[in-house]
Amino acid sequence: MAVNDTKLATVADAENPAVVCGNVDDSVSSIDFAGRANWLRAAVLGANDGLVSTASLMLGVSAVKPDARAMVVSGFAGLLAGACSMAIGEYVPVCSQRDVEIAELDQAGKRGGDEEKALPSPAQAAAASALAFSVGALLPLLAGGFIVGYNLRVAVVVVVATLALAAFGCVGAVLGRAPVAR
């Protein structure tokens with residue numbers, strides 16, 4: 001393609017306002033899949049971690065003490081501890097990434113422009129990760145919290161966790177515009 005035939009366009013994705021520059025034809029809009037992948041990865045990972053770790057904790061405690069109260073209390077404690085852990089675990093690397101990107105902007109002499117507005121937010125990443133973990137952790141808590149019989153409670157928690165993992169995978173594929181079946 002000749003240089004004169006190439007159009008450079010700046011396109012902002014409505015879901016992820018990071019700015020993308022690249023070759024664009026008039027019929028197809030550009031989407032920042034790399035920027036979307038950052039928050040999507042954190043959300044799907046957080047929800048999956050919340051679901052699996054809380055369900056596992058609840059099942060482990062119930063194996064020792066088949067009391068519904070012990071199972072729910074352990075699940076709630078796991079939700080709180082896990083959400084805090086995920087928030088801190090996401091905050092630190094995003095701070096590091098932001099520092100590197102700011103250093104690159106300083107070196108290029110572009111500090112203070114529109115490029116700085118597109119930098120990742122550590123607080124936003126931490127909040128999203130904690131929220132996603134909490135949503136995932138609530139599912140086994142709600143599933144096991146209202147069932148009296150031990151065997152049925154364990155079975156329901158396992159089934160809910162399995163179905164929720166499949167649902168989280170489908171939602172992640174749809175949001176990432178990837179094939180759902182894969």
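**Close-up views of a helical chain**

V92 is partly exposed, at a relative accessible area of 48% (partly exposed lies between buried, under 20% relative accessible area, and exposed, over 50%, with a 1.4 Å probe and protein chains only). This is a predicted model, in which local features need pLDDT of at least 70 and side-chain atom pairs count only at pLDDT 80 or more, while totals for chains, interfaces and linings use all residues. Residues are numbered from 1 along each chain as its sequence is written, and side-chain values use heavy atoms, with hydrogens and water left out.

**View 1. V92 on helix α2.** V92 sits in helix α2 (helices are DSSP runs of H or I with at least four residues, strands are runs of E with at least two, and numbering starts from the N terminus). Look across from here to A125: the C-alpha atoms of V92 and A125 are 9.8 Å apart, although 33 residues separate the two along the chain.

**View 2. The whole chain, for orientation.** Start at the N terminus and you will meet the elements in the order β-β-α-α-α-α-α, which gives 5 helices and 2 strands. The chain has 182 residues, and 31% of them count as buried. Among contacts with a separation of 6 or more, 61% join residues 24 or more positions apart (contact means heavy atoms within 4.5 Å).

**View 3. The largest nonpolar core.** The largest nonpolar core contains 18 residues, and L51, M58, F133 and V157 have the most contacts inside it. Helices α1 (33-64), α2 (68-108), α4 (122-145) and α5 (150-175) each give two or more residues to this core. A nonpolar core here is a set of buried Ala, Val, Leu, Ile, Met, Phe, Trp, Tyr and Cys residues joined through side-chain atoms within 4.5 Å. Zoom in on V157 and, leaving aside neighbours within four places in sequence, you will find contacts with A55, M58, L59, M71, P140 and G144.

**View 4. Helices α2 and α4 side by side.** The axes of α2 and α4 are 7 Å apart and the helices pack at an angle of about 160° (axes are lines fitted to C-alpha atoms, for helices over the stretch in contact, and angles run from 0 to 180 degrees between N-to-C directions). The two helices are therefore roughly antiparallel, a label for angles over 145 degrees; under 35 is roughly parallel, 65 to 115 roughly perpendicular and the rest oblique. The crossing of α2 and α4 is right-handed, which means that the near helix is turned clockwise from the far one by less than a right angle, an anticlockwise turn being left-handed.

**View 5. Helices α4 and α5 side by side.** Here the packing angle is about 150° and the axes of α4 and α5 lie 8 Å apart. This pair of helices, α4 and α5, is therefore roughly antiparallel, and the crossing of α4 and α5 is right-handed. From α4, the contact is made by G136, L139, P140, A143 and G144; from α5, by R153, V156, V157, V160, A164 and F168.

**View 6. Buried residues of α4.** Three residues are worth finding along this helix.

- S134 lies in α4 and is buried at a relative accessible area of 18%. Not counting residues up to four places away in sequence, S134 touches L79 and A83.
- A130, also in α4, is buried at 15%. Beyond neighbours within four places, A130 is in contact with A83 and A87. The C-alpha atoms of A130 and L79 are 9.4 Å apart, with these positions 51 residues apart in sequence.
- A132 belongs to α4 as well and counts as buried at 11% relative accessibility. With neighbours within four places set aside, A132 contacts A42, A43, G46 and A47. D49 is 83 residues from A132 along the chain, and their C-alpha atoms are separated by 8.9 Å.

**View 7. S74 on helix α2.** S74 is part of helix α2 and counts as buried, at 11% relative accessibility. Apart from neighbours within four places in sequence, S74 is in contact with L57, M58 and V61. S74 and A55 are 19 residues apart in sequence and 9.8 Å apart in space, C-alpha to C-alpha.

**View 8. Two annotated spans.** An unreviewed UniProt entry lists residues 125-148 and 154-176 under "transmembrane region"; positions follow the numbering used here, feature names are shortened, and annotations may be inferred rather than shown by experiment. In the model, residues 125-148 are 88% helix and 0% strand, with end C-alpha atoms 38 Å apart. Residues 154-176 are 96% helix and 0% strand, and their end C-alpha atoms lie 33 Å apart.
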